[in-house]
Amino acid sequence: MKNVFIAICLFIAMAFMPTKSFSQEIAKPELLIVKFHADWCGSCKAIGPALEDLANKLDGKATLFVELNFTNNTTKHQSNMLASALGIEKIVSSNIGTGFVLVIDSKTKEVKAKFTKLQTTKEMGKKITSLL
């Protein structure tokens, strides 16, 4: 009886769902903001709060913040698969190391900017906004 009730509720909910598909409602990012991270990296720890603040300030913009974690073999493997899914594996393989952020055009896969702990949140935000 409980399963029948759940099925009826799902059917009713589906009847009131918008006709647009889920994929049509999701905005595609113009820029990928990719942090090259490792838990042991001091520069990564230094840039982390600024990047988090920036993500909050750019909420609603066509940006996708991604962290590639190179701490150990498992996280490296996961990060390489994520880079492949995003189509940026060549960029990742040519940018060895951690402690920096790349701004990548999601269509052309071109690196538009590189940030380190030396840039302020304001400087990073201004550059990213100019690229949108």
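## Surroundings of lysine 35

Beyond its neighbours within four places in sequence, lysine 35 is in contact with nine residues named here in order: Cys44, Ile47, Gly48, Leu51, Val66, Glu67, Leu68, Phe100 and Val101. The structure is a predicted model, and the contacts and distances in this report are computed from it.

Lysine 35 belongs to strand 1, which spans residues 31-37. With a relative accessibility of 6%, the residue falls under the 20% limit and is therefore classed as buried. Its side chain also reaches the backbone oxygen of cysteine 44, at a distance of 3.4 Å; Cys44 is likewise listed among the contacts of lysine 35.

## The salt bridge between strands 1 and 2

A search of the whole structure yields three salt bridges. One of them joins glutamate 67 to lysine 35, with the closest N and O atoms 3.6 Å apart. This pair connects distant parts of the chain: glutamate 67 sits in strand 2 (residues 63-69) and lysine 35 in strand 1, a separation of 32 residues. In general, side chains of opposite charge can pair when their charged atoms come close.

The two partners fall into separate accessibility classes. Glutamate 67 has a relative accessible area of 43% and is partly exposed, whereas lysine 35, at 6%, is buried.

## The salt bridge within helix 3

In a further salt bridge, the side chains of lysine 57 and aspartate 53 meet at 3.3 Å, taken from N to O. Both residues lie in helix 3 (residues 42-57), and their spacing of four residues corresponds to about one turn of the helix.

Lysine 57 has a relative accessible area of 56%, over the 50% limit, so it counts as exposed. Aspartate 53 is partly exposed, with a value of 31%.

## The salt bridge of lysine 112 and glutamate 110

The side chains of lysine 112 and glutamate 110 also form a salt bridge, with an N to O distance of 3.6 Å. Lysine 112 is partly exposed at 32% relative accessibility, and glutamate 110 is partly exposed at 42%.

## Serine 79 in helix 4

Serine 79 is located in helix 4, which covers residues 73-86. Its relative accessible area is 4%, and the residue is therefore buried. Apart from residues up to four places away in sequence, serine 79 touches Leu68, Asn69 and Phe70. Leu68 also appears among the contacts of lysine 35.

How values were computed:
Residues are numbered from 1 along each chain as its sequence is written. This is a predicted model: local features need pLDDT of at least 70, side-chain atom pairs count only at pLDDT 80 or more; totals for chains, interfaces and linings use all residues. Side-chain values use heavy atoms; hydrogens and water are left out. Helices (H or I, at least four residues) and strands (E, at least two) are DSSP runs, numbered from the N terminus. Buried means under 20% relative accessible area, exposed over 50%, partly exposed in between (1.4 Å probe, protein chains only). A polar contact is a pair of N or O atoms within 3.5 Å; within protein, one must be able to donate a hydrogen and the other to accept it, and residues adjacent in sequence count only if both atoms are side-chain atoms. Contact means heavy atoms within 4.5 Å. A salt bridge is a side-chain nitrogen of Lys or Arg within 4 Å of a carboxyl oxygen of Asp or Glu.
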